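Grab a pencil and have the viewer open. Here are a few short exercises, each with a worked solution to check yourself against.

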Amino acid sequence: LQKRNPKMMKQRGSIVVGLLTTCLVGSQAFSVSSPSSPRISDTALHNYFPGGGTAKCPWVGSTATATAPAPVAANGAVYANGATGGPVDYAAVRQELHLLMDNPSWDDGSLAPIFIRLAWHSSGTYDHATGTGGSNGAGMRFQTEAADPENAGLEVARAFLEPVKAKFPAISYSDLWILAAYVGLEHTGGPVIPFTPGRRDHLDESYWSGMSYGRLPAAEKYCCPYVEGVSDLGDSLDAEGKVFGWQGLCSHVRNEVFYRMGFNDAEIVALLCGGHVYGRCHPTFSGYAGPWVEHPTQFSNEYATDMIEDEWTLVGHGDTWLDEQGAAELRPAPGNRQFVNKKPGVVDDDEPNQMMLLSDMILAWDPTFRTYLETYAADEERLKQDFGRAFQKLTELGCGF
């Protein structure tokens with residue numbers, strides 16, 4: 001199956017190709033399969049329909065929503081932990097996840113980045129003061145949390161994990177999402193994080209009464225307003241090339257997001273340097289576009305080194321000169337801004353297409369953050385260790401371990 005098949009792109013829903021179910025989300029086709037099953041009847045498992053539709057799930061013989069598959073046992077009983085009871089063979093789940101991880105139909109050929117993002121966003125809602133949020137509960141199965149704009153596109157990650165949940169029904173969604181990220185990190189040369197099970201899934205949305213949107217980081221919050229076609233991008237920058245209002249954005253990331261969860265500055269930088277080395281942004285999901293690094297499916301300190309060493313240009317959707325340089329994938333959606341490692345009129349065929357969000361650049365602009373950024377740019381092994389500890393902390397917040 002080719003990553004982008006023009007004939008396939010005209011269709012919605014799914015097409016069974018060999019042992020795969022091919023699905024379409026936005027302009028991206030992808031395949032969901034049961035990685036260890038040799039039979040077509042067991043592998044054509046999930047049809048994803050864009051726009052909040054339903055997914056026919058042959059393994060349960062019923063229609064389940066894309067956001068909240070019902071946690072029911074074979075006898076119809078609902079279990080408090082969102083699982084079907086009984087022991088979980090976590091070694092077998094790990095093996096299944098390793099088999100699932102490489103998928104040429106999705107993005108850059110690996111599901112690790114989107115599993116890492118799923119775990120991060122399911123955990124990043126934690127609030128230390130109230131004890132609400134966090135990975136315990138898998139609240140993104142329900143419409144309210146799934147509809148947070150910062151969670152756009154994560155229905156894809158959840159869909160990819162449905163065959164694993166079907167094969168190991170005793171594992172909670174909460175544990176599965178976190179374990180998938182841990183395995184993704186291991187599979188791509190990242191830190192090996194010890195996994196502690198025991199998270200229990202929410203049965204309904206009553207947990208949301210103590211929650212709210214805005215707990216996940218926003219890429220341009222409090223920055224100088226920008227209106228596509230009206231404002232001049234050059235007016236957004238001060239004499240040092242920093243976006244006006246970046247201090248407010250920095251405070252948002254530091255205080256409103258990470259300090260709220262209980263992280264310090266070193267952990268914040270470790271999380272961003274280790275997490276944003278993976279994957280890419282999609283204009284149809286987040287509104288931003290492109291990968292942070294040249295190799296977005298393997299762990300490295302490239303994010304930190306490139307942020308410091310490369311030259312970055314602020315662009316918007318209207319910067320069509322990027323198309324002429326073969327970097328159309330770096331143009332964000334209308335109204336959004338990001339930095340790219342390109343310059344108008346300067347073509348470097350050896351330079352891969354890369355971007356940084358405004359919320360990334362604060363690591364270079366804030367003096368305290370920059371100290372840790374430079375440390376990780378110089379020492380990949382230390383980044384791996386620090387990121388592993390910080391990511392484990394993130395994914396265990398509120399779990400009571």
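**Warm-up: the whole chain**

Task: find what percentage of the protein's residues are buried.

Solution: Keep in mind that this is a predicted model. A residue goes on the buried pile if its relative accessible area is under 20%. Run through the 401 residues that way and 54% of them turn out buried. Now look at the outside: the protein exposes about 16,200 Å², and 51% of that comes from carbon and sulfur atoms.

**Exercise 2: helix H6**

Task: work out how the span of H6 (residues 154-167) compares with the expected one, and find where the helix kinks.

Solution: Start with the length. H6 has 14 residues, and at 1.5 Å a residue you'd expect 20 Å. From first C-alpha to last, H6 reaches 21 Å, close to that figure. Next, hunt for the bend: there's a kink of about 35 degrees at Leu-161, shortly before Pro-163. Finally, check the cover. Of the 14 residues in H6, 12 are buried, including Leu-161 and Pro-163, along with Glu-155, Arg-158 and Lys-165.

**Exercise 3: the core**

Task: say which helix gives the largest share of the largest nonpolar core, then list the contacts of Tyr-303.

Solution: First, the core itself has 95 residues, and Leu-97, Phe-115, Tyr-303, Leu-363 and Phe-391 touch the most other members. The largest share, 10 residues, comes from helix H7 (residues 173-187). Then zoom in on Tyr-303. Skipping neighbours within four places in sequence, Tyr-303 is in contact with Leu-272, Cys-273, His-276, Val-277, Trp-292, Val-293, Met-356, Asp-360 and Leu-363.

Terms used
Residues numbered from 1 in each chain as written. Predicted model: local features only at pLDDT ≥ 70, side-chain atom pairs only at ≥ 80, totals over all residues. Heavy atoms only, no water. Core = buried A, V, L, I, M, F, W, Y, C linked by side-chain atoms within 4.5 Å. Buried < 20%, exposed > 50% of the residue type's maximum accessible area, 1.4 Å probe, protein only. Helix = DSSP H or I, 4+ residues; strand = E, 2+ residues; numbered from the N terminus. Contact = heavy atoms within 4.5 Å. Areas by Shrake-Rupley, 256 points an atom, 1.4 Å probe, with all protein chains shown as cover. Expected span 1.5 Å × (residues − 1). Bend = angle between axes of the 7 residues up to and from the residue.
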